[in-house]
Amino acid sequence: METPGSQSSLHRANLERVVRAVRLAGSLTQAEIARTTGLSAATVSNIVRELKDGGTVEVTPTSAGGRRARAVSLSGDAGIVIGVDFGHTHLRVAVGNLAHQVLAEESEPLDVDASATQGFDRAEELVNRLIAATGVDESKIAGVGLGVPGPIDGESGTLGSTAILPGWTGSKPAEEMRGRLGVPVHVDNDANLGALGELVWGSGRGVRDLAYIKVSSGVGAGLVIDGKIYRGPGGTAGEIGHITLDESGPVCRCGNRGCLETFAAARYVLPLLQPSHGPDLTMEGMVRLARDGDPGCRRVIADVGRHIGSGVANLCNLLNPSRVVLGGDLAEAGELVLGPIRESVGRYAIPSAARQLSVLPGALGGRAEVLGALALALSEMGDSTLLDGALTAATPAFT
């Protein structure tokens, strides 16, 4: 029996620290593990050897700073996680292992505004289809990360705001999918998952404080503070789309006037171009035309960028992030939108905060949210099962 403060409990705690660090990062050198966990190099070396003997981790040769090193990652067959992303117009599902390798991924059209039940049905079907296609052992599914385009109450798990997803109001997505799939399900809004995806795999790597701005049918932000997603007590932190820019502006779906969303979201922006470009123009099409030199599309995108920059300046003054990552279709416009964002930040943000900020396009495109869902499942799973094999494979040399 392990007792608090005993040699065995200390060893167990050190094992958990190493496994958690590797699980969250995907792959780390032993030197990086030591820096991340605060353990000595000798302790890390002993623990990695023990975990390798137990089949929990894999060690491969690599290089770091021009020197030979050993990269440590969780074993590819140690477990499986699933990511589910409900977008406003699509459903995307990915299956990955604990070594951060995506084994299968598929997307299909879905009108998420129509019905929660329909969305859950389609998600269940797609998850089961991908599991069958990859041939993974269902008993190794450690958890599911689930993203929805709306605020989730952190205590009840209920999706709120009738203005955003009227067909889903009052539903409990995690509870619903857990009942269907029989495994732990963790839910968050799509902007938070986009932030998490970019933090782990994309343009946010290496920073501890960032904001991920997603512009599509709405405008939202995922906030990372000191390496962790900040949600707020009601799950509504990051609703940058409802910062007021003009008290006499258009009425927003939230009921207020002149929100940032009414100057930047697709549903408000695209009608500006309908007289010249027709009613079927999409955000993706507008960006493509702008990149090809269309003056009207370029003007609208520049205006949108300046409005987004005003919201980003407010974030800078309040939270002082070191990086802002722009996601969604608009990010494909590159400097056509990033330049105006930086211009507004330079004009409205505190100079010291503006100087420290970098504004980048997302590296993951439309995959940011589903990869963030995988990262959410990875971050929420426990390490007990992973450690059982290591602890029984050999008698540990306590460190």
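Is R122 buried, exposed or partly exposed? Partly exposed, with a relative accessible area of 23%. Bear in mind that this is a predicted model. Here are my notes, starting with that residue.

1. R122 and its partner. The side chain of R122 meets that of E108 in a salt bridge, 2.8 Å from N to O. This pair ties together distant parts of the chain: R122 belongs to helix α4 (residues 116–134) and E108 to strand β6, with their positions 14 residues apart in numbering terms, that is, 14 residues apart. E108 counts as buried because its relative accessibility is 17%, under the 20% cut-off.

2. The wider network. R122 and E108 don't act as an isolated pair in the model: salt bridges with shared partners join E106, E108, R122 and R129 into one network. The total count is 17 salt bridges.

3. A bridge inside one helix. R180 and E176 form a salt bridge whose closest N and O atoms are 2.8 Å apart. Both residues sit in helix α5 (residues 173–181), 4 residues apart, or about one turn of the helix. R180 is partly exposed at 22% relative accessibility, and E176 is partly exposed too, at 31%.

4. A buried bridge. Have a look at R253 and E261 as well: their side chains meet in a salt bridge at 2.6 Å, N to O. Both of these residues are buried.

5. The sheet. There's an open sheet of 5 strands with mixed pairing, in the order β6-β5-β4-β7-β8. Strands β6 (102–109) and β8 (185–189) are at the edges with a single partner strand each, so each has one side without a neighbour in the sheet. On average, neighbouring strands here are turned by 15° against each other, ignoring direction. The edge strand β6 is also the one that carries E108 from point 1.

6. The β7/β8 end. Strand β7 (residues 141–148) pairs with β8 in the parallel sense, over 5 bridges. To find your place in this pairing, look for G147, which stands opposite D188 in β8. Helix α6 (residues 190–201) lies across β4 (80–86), β7 and β8, and runs at about 100° to β8.

7. A nonpolar patch. On the surface, I225, Y230, L318 and L319 make a nonpolar patch of about 400 Å². I225 is in strand β10 (residues 219–225), and its relative accessible area of 36% makes I225 partly exposed.

Key
Residues numbered from 1 in each chain as written. Predicted model: local features only at pLDDT ≥ 70, side-chain atom pairs only at ≥ 80, totals over all residues. Heavy atoms only, no water. Pairing = 2+ DSSP bridges. Helix = DSSP H or I, 4+ residues; strand = E, 2+ residues; numbered from the N terminus. Axes fitted to C-alpha atoms, helices over the stretch in contact; angles between N-to-C directions. Contact = heavy atoms within 4.5 Å. Patch = residues over 30% accessible without salt bridge, like charges linked within 9 Å, V, L, I, M, F, W, Y side chains within 5 Å. Areas by Shrake-Rupley, 256 points an atom, 1.4 Å probe, with all protein chains shown as cover. Salt bridge = Lys/Arg side-chain N within 4 Å of Asp/Glu carboxyl O. Buried < 20%, exposed > 50% of the residue type's maximum accessible area, 1.4 Å probe, protein only.
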